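Let's take a walk through this protein together, from its overall layout to the packing of its side chains. Please keep the sequence and the model open beside you as we go.

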Amino acid sequence: MKLSHILLAACMFAPLAAHAETPKDRTVAVIEEAGCVLDASNVNEVLDGLGLSDEEFRVIGEELVAEGLADVSEMGVFRLTSPNCPSAPLNAHAGTPKDRTVAVIEEAGCVLDRSNINEILDGLALSDEEFRAIGEELIADGLAEVSEMGAFKLTTPFCASAE
């Protein structure tokens, strides 16, 4: 193997943050290394090493959201949606975003409403648009319905047997 191939391979496995050129690139790399999600439990630890002010991070965050590379929930959870940040499975038996959504809503009592929507969406690491598309698909498949009060209710076999 040529030395250049070995060096290239070594560079591919080095932490991205150390090699990122701009503050924005370093920010993305650090968040990716932290699992692609920033929330109250990890924001200080993740961002401390960047040397950015709160204002500088806010500007970078807004740019990432505007570019479609990040999403911020109503609860303040910042999630990268870059190609390096696939949603991590929440349940071993539920691999696709649709399957994970069904599993999490079933675990929450089969109903998604104002009292639990933010917590569930944050836990799924889905944007509002991603959840909307999954919800519409579940409704079209006859696996969910929306009540007159606006609650999203699963009608899966699991939920039907739990009634």
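A definition will help us at the start: on a 1 Å grid over the protein atoms alone, a cavity is a set of points where a 1.4 Å probe fits but cannot get out, while a pocket is an open set with protein on both sides within 12 Å along at least five of seven lines, and lining residues have an atom within 4 Å of a point. Grid points are joined across faces, edges and corners, and a volume is the space filled by probe spheres set on the points. By this account, the largest pocket has a volume of about 590 Å³.

Before going further, please note that this is a predicted model, in which local features need pLDDT of at least 70 and side-chain atom pairs count only at pLDDT 80 or more, whereas totals for chains, interfaces and linings use all residues. Residues are numbered from 1 along each chain as its sequence is written, and side-chain values use heavy atoms, with hydrogens and water left out.

Now for the layout. The protein has eight helices and six strands, where helices (H or I, at least four residues) and strands (E, at least two) are DSSP runs numbered from the N terminus. Read from the N terminus, the order of the elements is α-α-β-α-α-β-β-α-β-α-α-β-β-α. Of the 163 residues, 34% are buried; buried means under 20% relative accessible area, exposed over 50%, and partly exposed in between (1.4 Å probe, protein chains only). Among contacts (heavy atoms within 4.5 Å) with a separation of 6 or more, 46% are between residues 24 or more positions apart.

Let's return to the largest pocket. Its lining has 25 residues, and Leu 112, Ile 117, Leu 121, Phe 131 and Arg 132 lie nearest its centre. Strand E2 (70-72), helix H6 (117-124) and H7 are the elements that give two or more residues to this lining, and H7 gives the most, with seven residues. The lining divides into eleven nonpolar, five polar and nine charged residues. Here Ala, Val, Leu, Ile, Met, Phe, Trp, Tyr, Cys and Pro count as nonpolar, Asp, Glu, Lys and Arg as charged, and the others, Gly among them, as polar.

Two of the residues nearest the centre of the pocket, Leu 112 and Phe 131, also take us into the largest nonpolar core. That core has 16 residues, and those with the most contacts inside it are Ile 105, Leu 112, Ile 120, Phe 131, Leu 138, Phe 152 and Leu 154. A nonpolar core is a set of buried Ala, Val, Leu, Ile, Met, Phe, Trp, Tyr and Cys residues joined through side-chain atoms within 4.5 Å. H5, H6, H7 and E6 each give two or more residues to this core. Leaving aside neighbours within four places in sequence, Leu 112 is in contact with Ile 105, Ile 117, Ile 120, Phe 131, Ala 151 and Phe 152. Apart from this core lies another, of 15 residues, among them Leu 38, Phe 57, Ala 70 and Cys 85.

The structure also holds two aromatic pairs; rings of Phe, Tyr and Trp (its six-membered ring) pair if their centres lie within 6.5 Å, and planes under 30 degrees apart count as stacked, over 60 as edge-to-face and the rest as tilted. The rings of Phe 131 and Phe 152 have centres 5.6 Å apart and planes at 70°, so this pair is edge-to-face. Because Phe 131 lies in helix H7 (residues 128-140) and Phe 152 in strand E6 (residues 152-154), the pair ties together parts that are 21 residues apart in sequence. Both Phe 131 and Phe 152 are buried.

Helix H5 (residues 97-107) is our next stop, with Arg 100, Thr 101, Val 102, Ala 103, Val 104, Ile 105 and Glu 106 buried. Just after H5, Gly 109 takes a positive phi of about 95° and is partly exposed, with a relative accessible area of 48%. Cys 110, in the loop between H5 and strand E4 (111-112), has a positive phi of about 75° although it is not a glycine. Cys 110 counts as buried, at 6% relative accessibility.

Finally, let's look at H2. Its buried residues include Thr 27, Val 28 and Ala 29, and Thr 27 has 0% relative accessibility. Beyond residues up to four places away in sequence, Thr 27 touches Leu 50, Leu 52, Phe 57 and Ile 60. After H2 comes Gly 35, with a positive phi near 95°. Cys 36, in the loop between helix H2 (23-33) and strand E1 (37-38), has a positive phi near 75° and is buried at 7% relative accessibility.
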